[in-house]
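Subject: Structure handover and notes

Dear colleague,

I am passing the structure on to you with this email, and my notes follow below it. Please read them with the coordinates open beside you.

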Amino acid sequence: MTTIDCNKEMKGYHADEVNLSNDDQTEMRNRRDSGRTRLKNGLAKAGHPLPKEFSSQGSYAMRTMVQDDACDYDIDDGVYFDKEDLKDANGNYLGAREARTRACNALKDDRLAYDAMVKTNCVRQQYPDGYHIDIPVYRTIRTKDFWGNEVVEYELASGDDWVKSDARKVTRWYNDAVGSELKAGQSDTSQLRRITKLTKKMARSRVAWKKKTTSGICISKLVVDHFVARLGRDDDALRDTWKAIKAQLVFSQRIGHPVYADKNLAEEGDEGVIFFRDCLGEALETLKVLDEYDCTRKKAGDAWDKVFNTDYFSAQIAKDAAAAKSLLQPAAAAAAGLTFPSRPVVPNKSSGFA
């Protein structure tokens, strides 16, 4: 544990500069709901069956989204159809690309600045102020097992294929990890979730890093796998978790899928993972100043500022130092004018406890 305690500043940075404000969350939720309504209306107008359900997923559902100065927010909102409802006019099942195209066409609205686009794994709706909503298209397949019980499987329209997938399982995996941590004693809020968001913030702290670094789900998986809890010290928890992640990524860049054992999120030599590892290494090198015997709060604040590309830490530390100085000055002035009686003073009160 480092001598200089920056837990207060780290939690303040998370609250003020990392965690999404209530206004941002409300706006995203409204955009998501508007997109759902527009999709259903477009499908109904074209005479196509409606989806059975929608389900938010990814960082939005896991509550690990972080603030972005350019409002480059990615909201994932999966749409689920019964397989039997995804057919063409001749009764043939839609291919994966055809299913995404149907959803894309249903989202068309002349009032929007941008038309929706068919992407490899989703349909994307872009908004002028930076937001975009990714809508993965799933189909639900219902079968019976040997004993007659219903078996439900989900397939994602990915490229030209339907691929076995269900992002809701990933959300449950992450929330289960948070739940285990809370049961272990983190009774107020989740340090694991804060460390996840702080790590994502660092990974995207420079504009040039955003397209080079690894994905949010890779970062979340690495944090969950290598999380080092430090009760009451988010600064130490973050640094120790980063050390564990860095050591693993030097050994291997392969990141296993959190749900499907036969899949990986990243393979050996993945460029995004290597870039993230190297950024992590630079951050840890900068933070070595915390281990120096003569490290001061100012030096610590400057180091964390450099890591996150901000001036938040040094500003807070300077503010606290100024406040402490101002509190001391009146006391010192009063002490200079103190006079003491030359004989004992008899208290002017009755005896006994106050």
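**Arg233 and its surroundings**

The side chain of R233 makes a polar contact with the side chain of D235, at a distance of 2.8 Å. Before going further I should say that this is a predicted model, and that every value in this message was computed from it. R233 is placed in the loop between α7 (216–226) and α8 (234–251), and because its relative accessibility is 6%, under the 20% that marks the limit for a buried residue, R233 counts as buried. If residues up to four places away in sequence are set aside, R233 touches M1, T2, I4, D5, C6, N7 and Q191.

**The chain as a whole**

The chain has 354 residues, of which 45% count as buried, and its secondary structure consists of eleven helices and ten strands. Where contacts join residues at least 6 apart in sequence, 62% of them link residues at least 24 apart.

**Three helix pairs**

I looked at three pairs of helices, two of which involve α6.

The pair α1 and α6 comprises residues 7–18 and residues 191–203 respectively, and these two helices pack at an angle of about 65 degrees with their axes 11 Å apart. Because angles of 65 to 115 degrees count as roughly perpendicular, α1 and α6 are placed in that class. The crossing in which α1 passes α6 is left-handed. On the α1 side the residues that meet α6 are M10, K11, Y13, H14, E17 and V18, and on the α6 side their partners are R194, K197, L198 and K201. Sorted by class, this contact holds four nonpolar residues, one polar residue and five charged residues.

The other pair with α6 is formed with helix α9 (residues 271–286), where the axes come within 10 Å and cross at roughly 100 degrees, which makes α6 roughly perpendicular to α9. Here T199, M202 and A203 in α6 meet F276, C279 and L280 in α9. By class, the contact of α6 with α9 contains five nonpolar residues and one polar residue, with no charged residues.

The remaining pair is helix α2 (residues 22–45) with α4, whose axes come within 7 Å and cross at roughly 100 degrees, so that α2 is roughly perpendicular to α4. The residues that meet are R38, L39, G42 and L43 from α2 and R102, A103 and A106 from α4. The contact of α2 with α4 divides into four nonpolar, one polar and two charged residues.

**Loop residues**

Which residues does Y114 contact, once its neighbours within four places in sequence are left aside? They are Q125, Q126, Y127 and P128. For one of these partners I also have a C-alpha to C-alpha separation, since Y114 and Y127 are 6.8 Å apart in space and 13 residues apart in sequence. Y114 is placed in the loop between α4 (96–106) and β3 (117–118), and with a relative accessible area of 40% it is partly exposed.

V207 is in the loop between α6 and α7, and because its relative accessible area is 71%, where over 50% counts as exposed, V207 is an exposed residue. The C-alpha atoms of V207 and D68 are separated by 10.0 Å, although these two residues are 139 residues apart along the chain.

**Backbone angles to check**

Two residues other than glycine have a positive phi, and you may wish to look at them in your own viewer. One of them is R63, with phi near 60 degrees, which lies in the loop between α3 (58–62) and β2 (74–82). R63 counts as exposed at 53% relative accessibility. The other is N309, whose phi is also near 60 degrees, and which is found in the loop between α10 (297–308) and α11 (312–336). N309 counts as partly exposed at 47% relative accessibility, a value that does not pass the 50% cut-off for an exposed residue.

With best wishes

Definitions and conventions:
Residues numbered from 1 in each chain as written. Predicted model: local features only at pLDDT ≥ 70, side-chain atom pairs only at ≥ 80, totals over all residues. Heavy atoms only, no water. Axes fitted to C-alpha atoms, helices over the stretch in contact; angles between N-to-C directions. Helix = DSSP H or I, 4+ residues; strand = E, 2+ residues; numbered from the N terminus. Parallel < 35°, antiparallel > 145°, perpendicular 65-115°, else oblique. Left-handed = near helix turned anticlockwise from the far one by under 90°. Contact = heavy atoms within 4.5 Å. Nonpolar A, V, L, I, M, F, W, Y, C, P; charged D, E, K, R; others polar. Buried < 20%, exposed > 50% of the residue type's maximum accessible area, 1.4 Å probe, protein only. Polar contact = N/O pair within 3.5 Å; in protein donor to acceptor, adjacent residues only side chain to side chain.
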